[in-house]
Amino acid sequence: MSQVSEIKCPVCGEWSKWTSKIDEKCPHCHSYLDPGRLQYAEDKKINAEANFKNSYLVISETDDPIVQMGKQFANWLRWTTFYGISVVFFIIAIMLILFGLVFLI
């Protein structure tokens with residue numbers, strides 16, 4: 001159930017009926033009624049697709065649910081390992097700096 005409200009068109013300035021859909025256009029000038037929200041949704045979709053393609057194992061819609069879960073786990077394990085190793089090296093670097101400063105004193 002969608003409620004109808006009115007919105008002022010950012011291009012022509014006329015009031016028109018609006019059901020809060022992202023891609024709804026003005027009946028007078030045929031421009032988008034909420035272009036900022038539409039741009040945000042498109043950017044979000046592009047970023048989601050880019051993140052999806054950067055996965056170690058690409059999960060396709062035709063995969064079985066068990067295979068999809070296995071690929072998700074493998075992707076999660078890959079990124080967890082990467083960040084875990086990065087944290088370990090960061091801690092080692094901090095320890096080397098601190099021990100170096102202690103021995104200077």
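Ser31 has quite a set of neighbours in this predicted model. Leaving aside residues up to four places away in sequence, Ser31 touches Cys9, Val11, Glu24, Lys25 and Cys26. Ser31 itself sits in the loop that links strand 2 to helix 1. With a relative accessibility of 15%, Ser31 counts as buried, because the cut-off for that label is anything under 20%.

A second loop residue can be read in much the same way. Ile59 is found in the loop between helix 1, which covers 35–53, and helix 2, which covers 65–104. Its relative accessibility is 15%, so Ile59 counts as buried. Going from Ile59 to Met69 takes 10 residues along the sequence, and the two C-alpha atoms lie 9.0 Å apart in space.

Now to the strands. Strand 1 takes in residues 5–8 and strand 2 takes in residues 15–18; the two run antiparallel and are joined by four bridges. One facing pair puts Ser5 opposite Trp18, the latter belonging to strand 2. Together the strands form a hairpin with six residues between them, and in this hairpin Gly13 adopts a positive phi near 80°. As a general point, side chains in a regular strand alternate between the two faces of the sheet.

Stepping back to the whole protein chain, the count comes to two helices and two strands. Followed along the sequence, these elements come in the pattern β-β-α-α. The radius of gyration of the protein chain is 25 Å, whereas the globule rule gives 13 Å for 105 residues; the value is well over that, so the chain is more spread out than a compact globule. In terms of dimensions, the C-alpha trace spans about 75 × 50 × 20 Å along its principal axes.

A few more numbers help to fill in the picture of the chain. Of its 105 residues, 12% are buried; Ser31 and Ile59 both carry that label. Taking contacts between residues at least 6 apart in sequence, 7% join residues that are at least 24 apart. The protein chain exposes about 8900 Å², and 66% of this area is supplied by carbon and sulfur atoms. As for charge, there are 10 positive and 11 negative charges, and the mean positions of these two groups are 2 Å apart.

Conventions
Residues numbered from 1 in each chain as written. Predicted model: local features only at pLDDT ≥ 70, side-chain atom pairs only at ≥ 80, totals over all residues. Heavy atoms only, no water. Pairing = 2+ DSSP bridges. Rg over C-alpha atoms; globule rule 2.2 N^0.38 Å. Buried < 20%, exposed > 50% of the residue type's maximum accessible area, 1.4 Å probe, protein only. Contact = heavy atoms within 4.5 Å. Areas by Shrake-Rupley, 256 points an atom, 1.4 Å probe, with all protein chains shown as cover. Lys, Arg positive; Asp, Glu negative; His and termini not counted. Charge placed at Lys NZ, Arg CZ, Asp CG, Glu CD.
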